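Hi,

Here's the structure I promised to pass along. Have a look at it first, and my notes follow underneath.

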Amino acid sequence: MASNTPTINTNANPPAGYTGDGFFATKLSDLIGMARSCSLWPLPFATSCCGIEFMATMGPNYDLARFGAERMSFSPRQADILLVCGTIGKKLGPILKEIYLQMAEPKWVVAVGACASSGGIFDTYSVLQGIDKIIPVDVYVPGCPPRPEQILEGFMQVQAMAQSESLRRRDAPEYRALLESYNAQ
Ligand code: SF4
């Protein structure tokens, strides 16, 4: 007989702590990290072929929803993770940056594929040679195009960062300096 038990994402396992009779104690930061990592709302910024691979990642075979990310956000203000999929022309750069600036902290950026990471095969005057020229990037997904499994791997890398990130990291001088270097304060 088929079980009605829902599949549980292993990332939602409770953080390390102490279990007793009727209680569980852990660090607040670990709990927040777990909640964040399992509810990352993606904003796909798709301009070309890599966007199609991202659509496949959202489909039933790969099912990004398993990771708590089924809610696409096309509003930067309600997004946690910016997935840049495709070639970014220099004219598009300021728009991408504005979207990044409109996202609230904490936020993460993934460069999906060779074009977003480095310009890819388009070593031309009109193409941005990597989005990290204008915004900070947390994870680079290689490939032209990357397969959905690779996009999932990049996503899980961000989950691991969100899970373990200190609650104070975004206020740290190093992070402020990083944003200042991108004129993104
Ligand atoms: S990396 Fe390859 S597949 Fe992806 S947008 Fe560029 S040319 Fe297309």
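One thing to keep in mind before anything else: this is a predicted model. Starting with burial, 29% of the 185 residues in the chain count as buried.

As for the overall fold, you'll find six helices and six strands in the chain. Going along the sequence, they come in the order β-β-α-β-α-β-α-β-α-β-α-α. The radius of gyration is 18 Å, close to the 16 Å that the globule rule gives for 185 residues, so the chain is as compact as a globular protein of that length. Along the principal axes, the C-alpha atoms fill a box of roughly 65 × 50 × 25 Å. If you take the contacts between residues at least 6 apart in sequence, 77% of them join residues at least 24 apart.

Now the ligand, which you'll probably want to look at. Its surroundings include Ser48, Cys49, Cys50, Gly86, Thr87 and Cys144. Gly113, Ala114 and Cys115 are also among the residues around the ligand. Helix H2 (49–58) and helix H4 (113–118) each give at least two residues to that shell, and H4 has the largest share, with three. By type, the shell splits into six nonpolar and five polar residues, with no charged ones.

One last residue to click on: phenylalanine 23, in strand S2 (residues 23–26). Is phenylalanine 23 buried or exposed? It's exposed, because just 8 other C-beta atoms lie within 10 Å, and the cut-off for exposed is 12 or fewer. Phenylalanine 23 also sits 32 Å from lysine 107, C-alpha to C-alpha, and the two are 84 residues apart in sequence.

Cheers

Technical notes: Residues numbered from 1 in each chain as written. Predicted model: local features only at pLDDT ≥ 70, side-chain atom pairs only at ≥ 80, totals over all residues. Helix = DSSP H or I, 4+ residues; strand = E, 2+ residues; numbered from the N terminus. Buried ≥ 20, exposed ≤ 12 C-beta atoms within 10 Å, placed from the backbone. Rg over C-alpha atoms; globule rule 2.2 N^0.38 Å. Contact = placed C-beta atoms within 7 Å. Near = placed C-beta within 6 Å. Nonpolar A, V, L, I, M, F, W, Y, C, P; charged D, E, K, R; others polar.
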